[in-house]
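This report turns to the surroundings of the ligand, then to the domains, and finally to a few backbone details. Please keep the structure in view while reading.

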Amino acid sequence: MKKVTMKDIAIKAGVSKATVSMVLNKKDGSISAETKNKILKIAEELNYIPNGVARSLSTNKSETIGIILPDIINPFFSEIARAIEDTASKLNYNVIFCNTDSDVYKEINYTKLLISKLVDGVIFITGGKSNHPLEILQSNNVPFVLVDRDVEDQDNYCGVYCLNKEGVIQGLEYLISKGRKNIAFVTGNKGLKVSKQRIEGYKDVMSKYDMFKENLIFESDFTIEGGMEITEKIISENKEIDSIFYSNDIMALGGLKVLLRRGFKVPGEISVIGFDNINISNFTEPELTTIAQPIYEMGKQSCETLIDIIDGNAVNNKIYFKPELIIRGTT
Ligand code: RIB
């Protein structure tokens, strides 16, 4: 079994393979309209698909970009991936999605796969454990843009980010304005720069009001299950907690489920606030107060920036978006 080739079209059309190639590659100035139309009609009838790899080799472009992201099940990443794909298709690029579970080996393998597939560029959301995949892209001169998560020790990398620390500051100032004092903070994986930035915001504000207690910072993993688990720990260890600030919405959703199942009144006894403003945060009961990241805008910008780099245009190497407090029923 083999794919339909130009030779099959040539035989059926009664012309040379070279003629078919010129028509399909739109270099057909010297060919009559009748022959051109006949060839195109036969190609369609046979469902001919041009060999993308061969075309990429000859043009050194694949019109394809890769997205490497940690957890496609987390709506934050699927929403950002959606924005990237919408933008890419408007700019006539295809997209290859790679889910890594924040596993370095998967990140490296997918990076090598995308390079071998001759992608024109990569949008990379790191799992935070290694910069090696980015070094591989750099040494192969494959353009890349970071989005959402910056990496340590690389100030020259191009990236699109949200002002994480400012987002946490906004949320805490709001909780404190509502009289909350014993605020637990649930982080993502502490090795991630986004986690460090959010923890910094928590430390700054709580210290400003002389309310900082190291033992109210709890490390989790940005998953729903992690949010449930850490909330059980928080409510069993700290009876005086009056708020829990989760570093992302799906941990907050897990926490909300535990608090309500344990009979806590939200927000009457414990206020809950998340971070991201994923679409589902508007559909919990009570609805989740959160710090909105402009997810769609960040995804769109990262794609436009990457394609600018691919086209050889100079770009602003770090773009920051502002977070926004969205007040709903859990506070
Ligand atoms: O929900 C996933 C979290 O990790 C988000 O807050 C996003 O910023 C990503 O880094």
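## The ligand and its shell

In this predicted model, the residues that surround the ligand are Asn74, Phe76, Phe77, Asp148, Arg149, Val194, Arg198, Phe222, Ser247, Asn248, Asp276 and Gln293. Sorted by character, the shell around the ligand comprises 4 nonpolar, 4 polar and 4 charged residues. Two helices, α5 (75-90) and α9 (193-208), each contribute at least two residues to this shell.

Oxygen atoms of the ligand come into polar contact with several side chains, and the table lists the distance from a ligand oxygen atom to an N or O atom in the side chain of each residue named.

| Residue | Distance from a ligand oxygen atom to a side-chain N or O atom |
|---|---|
| Asn74 | 2.8 Å |
| Asn248 | 2.8 Å |
| Gln293 | 3.0 Å |

On its own the ligand has 280 Å² of accessible area, and the protein covers 100% of it. The space that the ligand takes up is, moreover, the largest cavity.

## Domains

How is the protein chain divided by the domain assignment? The assignment gives domain 1 (6-50), domain 2 (62-161 + 295-321) and domain 3 (164-294), with domain 2 written as two segments of the chain. The shell around the ligand takes at least three residues from domain 2 and at least three from domain 3. As for domain 1, its centre and that of domain 2, both taken over C-alpha atoms, are separated by 37 Å.

## Backbone details

Which peptide bond that involves Pro267 is cis? The bond from Val266 to Pro267 has this form, with omega near 10 degrees, and Pro267 itself is placed in the loop between α11 (249-261) and β9 (271-276). A cis peptide bond also joins Glu285 to Pro286, where omega is about 0 degrees, and Pro286 belongs to the loop that runs between β9 and β10 (289-292). The strand β9 is thus named as a boundary of the loop that holds Pro267 and of the loop that holds Pro286.

A further backbone detail concerns Leu118, which is not a glycine and yet has a positive phi of about 60 degrees. Leu118 is found in the loop between α6 (104-116) and β3 (121-124).

Definitions and conventions:
Residues are numbered from 1 along each chain as its sequence is written. This is a predicted model: local features need pLDDT of at least 70, side-chain atom pairs count only at pLDDT 80 or more; totals for chains, interfaces and linings use all residues. Side-chain values use heavy atoms; hydrogens and water are left out. A residue is near a molecule or strand if one of its heavy atoms lies within 4 Å of it. A polar contact is a pair of N or O atoms within 3.5 Å; within protein, one must be able to donate a hydrogen and the other to accept it, and residues adjacent in sequence count only if both atoms are side-chain atoms. Accessible areas come from the Shrake-Rupley method with a 1.4 Å probe; for residues, only the protein chains shown count as cover. On a 1 Å grid over the protein atoms alone, a cavity is a set of points where a 1.4 Å probe fits but cannot get out, and a pocket is an open set with protein on both sides within 12 Å along at least five of seven lines; lining residues have an atom within 4 Å of a point. A molecule sits in a cavity or pocket if more than half of its atoms lie within 2 Å of its grid points. Helices (H or I, at least four residues) and strands (E, at least two) are DSSP runs, numbered from the N terminus. Ala, Val, Leu, Ile, Met, Phe, Trp, Tyr, Cys and Pro count as nonpolar, Asp, Glu, Lys and Arg as charged, and the others, Gly among them, as polar. Domain bounds come from an automatic or database domain assignment.
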